[in-house]
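Okay, can everybody see the screen? Let me bring the model up, and then I'll talk through a few spots in it.

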Amino acid sequence: MRAAVCRSYGPPEDLVIEDVPDPVPGPGQLVVRVHAAAVNFPDVLLIAGKYQVKIPVPFIPGSELAGEVVDVGDGTPYRRGQRVSATTPTGAFAEQALLDAGAVAPIPDGADFASAAAFGVTYRTAYHALRSIAEVAQGDWVVILGAAGGVGLAAVDLAVAMKARVLAAASSPEKLELCRRRGAQATVDYDREDLKARIRELTGDAARVVLDPVGGSYAEPALRGLARGGTFITLGYASGSIPSIPLNLVLLKGITIRGMEIRTFMGDRPDDAARDMSELSQMFAAGTIRPHIGARFPLSETPAALRHVAERKVLGKVVIDVA
């Protein structure tokens with residue numbers, strides 16, 4: 001089978017598209033013929049050797065996929081030909097993927113492979129943050145940074161579905177227009193406007209939650225724009241810079257700063273994770289939420305897909321069409 005292989009840590013352009021052996025399932029495993037795989041910012045960090053967890057090279061990157069089952073091991077509750085999606089630490093950017101049965105879920109009728117692949121990581125991250133960490137309620141003002149990116153736009157979709165009021169912050173008119181189409185009530189171009197002042201103005205100084213998957217220079221003014229007693233949730237650092245926050249702001253404003261990392265959330269809070277996943281699955285099956293796919297690339301152009309995400313050009317999700 002063909003796969004994108006990381007043989008040494010470096011930029012996306014160092015990936016090699018090559019033939020590798022077809023996987024063989026063991027007990028409790030299955031092999032999926034990948035139809036679509038989605039790209040996430042951590043994939044860029046993994047191949048650069050800069051993620052929190054370092055994967056030994058060589059490895060096949062890619063953490064979410066959708067396709068059809070082509071082989072099963074003993075004790076696997078799936079059948080050949082069944083449409084499934086999966087999240088996995090690595091292995092999605094290939095024509096076939098070897099998966100543990102517990103990482104796989106059936107694709108509901110009415111959902112295509114690309115939407116199923118693009119749904120998993122970003123929507124789970126956003127929903128855990130909104131539902132379990134921030135405990136967002138109807139009518140709350142939620143400020144979302146990087147609102148047109150993968151996690152950001154998922155958060156816009158979900159906050160709107162939760163009947164919160166969304167202020168979407170992004171870096172171009174095109175990105176902000178997409179956020180408005182997805183239901184954001186207010187928008188801020190944080191590269192051209194005063195983020196702190198605009199948050200206070202547009203929300204009536206009532207912003208209860210900030211979701212920040214970007215970090216960098218945007219974090220502190222967004223935190224300063226929070227209402228007293230608000231909650232700031234850090235989700236990642238797509239800007240490439242980890243911010244330093246003056247702790248006197250926490251003292252003076254009585255705010256809470258929380259972190260949420262999907263890899264550890266499920267282990268730390270299994271009951272909340274199971275509830276969130278059940279609710280998310282129901283919304284996806286009902287068609288209430290569907291990812292916005294802003295760009296698609298063939299498997300042969302996987303490096304270009306990763307570069308597109310690395311340079312923050314993406315609107316919503318980037319998908320690799322494998323089959």
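Let's start in the loop between α2 and β8 (141–145), where Glu135 sits. Bear in mind that this is a predicted model. Glu135 isn't a glycine, yet its phi is positive, near 50°. Is Glu135 buried or exposed? With a relative accessibility of 57%, Glu135 counts as exposed, given that the cut-off for exposed is over 50%.

There's a similar case at Asp205, again a residue other than glycine with a positive phi, this one near 55°. You'll find Asp205 in the loop between α5 (195–203) and β11 (207–212). Its relative accessibility is 43%, so Asp205 goes down as partly exposed. And then there's Lys163, just after α3, with a positive phi of about 65°.

While we're on backbone geometry, have a look at Val57 and Pro58. The peptide bond joining them is cis, with omega at about -5°. Pro58 belongs to the loop between α1 (41–48) and β4 (64–72).

Okay, back to α3, which runs over residues 150–161. Quick sanity check on the helix: 12 residues at 1.5 Å a residue should span 16 Å, and the end C-alpha atoms are 17 Å apart, so that agrees. How many of the residues of α3 are buried? It's 9 of the 12, which means α3 is largely enclosed by the rest of the structure. The buried ones include Gly150, Leu153, Ala154 and Asp157. Keep those four in mind for the next bit.

So, empty space. The idea is simple: you roll a probe the size of a water molecule over the atoms and see where empty space is left. For cavities of 30 Å³ or more, the count here is 1. The largest cavity holds about 40 Å³ of space. Which elements give two or more residues to its lining? Those are α2 (113–133) and α3. The largest share comes from α3, with 4 residues. Gly150, Leu153, Ala154 and Asp157 are all in the lining, along with Thr122, Tyr123, Pro291, His292, Gly316 and Lys317. By type, the lining of this cavity splits into 4 nonpolar, 4 polar and 2 charged residues.

Why do we say the largest cavity lies between two domains? Because domain 1 (2–107 + 292–321) and domain 2 (122–264) both contribute residues to the lining.

Now the second largest pocket. Its volume is about 160 Å³. The lining takes in Met1, Pro23 and Ile60, then Thr88, Thr90, Gly91 and Ala94, and finally Gln96, Ala97, Leu98 and Leu99. That lining has 7 nonpolar residues, 4 polar ones and no charged ones.

One more residue before the annotation: Ala168, in strand β9 (residues 165–170). Ala168 has a relative accessible area of 0%, so it's buried, with the cut-off for buried being under 20%. Its C-alpha atom is 5.1 Å from that of Ile144, and the two residues are 24 apart along the chain.

Last thing, the record. UniProt, in an unreviewed entry, puts the feature "domain: Enoyl reductase (ER)" at residues 10–320. Over residues 10–320 the chain comes out at 34% helix and 24% strand. The end C-alpha atoms of that stretch are 20 Å apart. That's me done, so over to you.

Key. Residues numbered from 1 in each chain as written. Predicted model: local features only at pLDDT ≥ 70, side-chain atom pairs only at ≥ 80, totals over all residues. Heavy atoms only, no water. Expected span 1.5 Å × (residues − 1). Buried < 20%, exposed > 50% of the residue type's maximum accessible area, 1.4 Å probe, protein only. 1 Å grid on protein atoms, 1.4 Å probe; cavity = no way out; pocket = protein on both sides within 12 Å on 5 of 7 lines; lining within 4 Å. Points joined across faces, edges and corners; volume = space filled by probe spheres on them. Nonpolar A, V, L, I, M, F, W, Y, C, P; charged D, E, K, R; others polar. Domains from an automatic or database assignment. UniProt positions renumbered as here; feature names shortened; annotations may be inferred.
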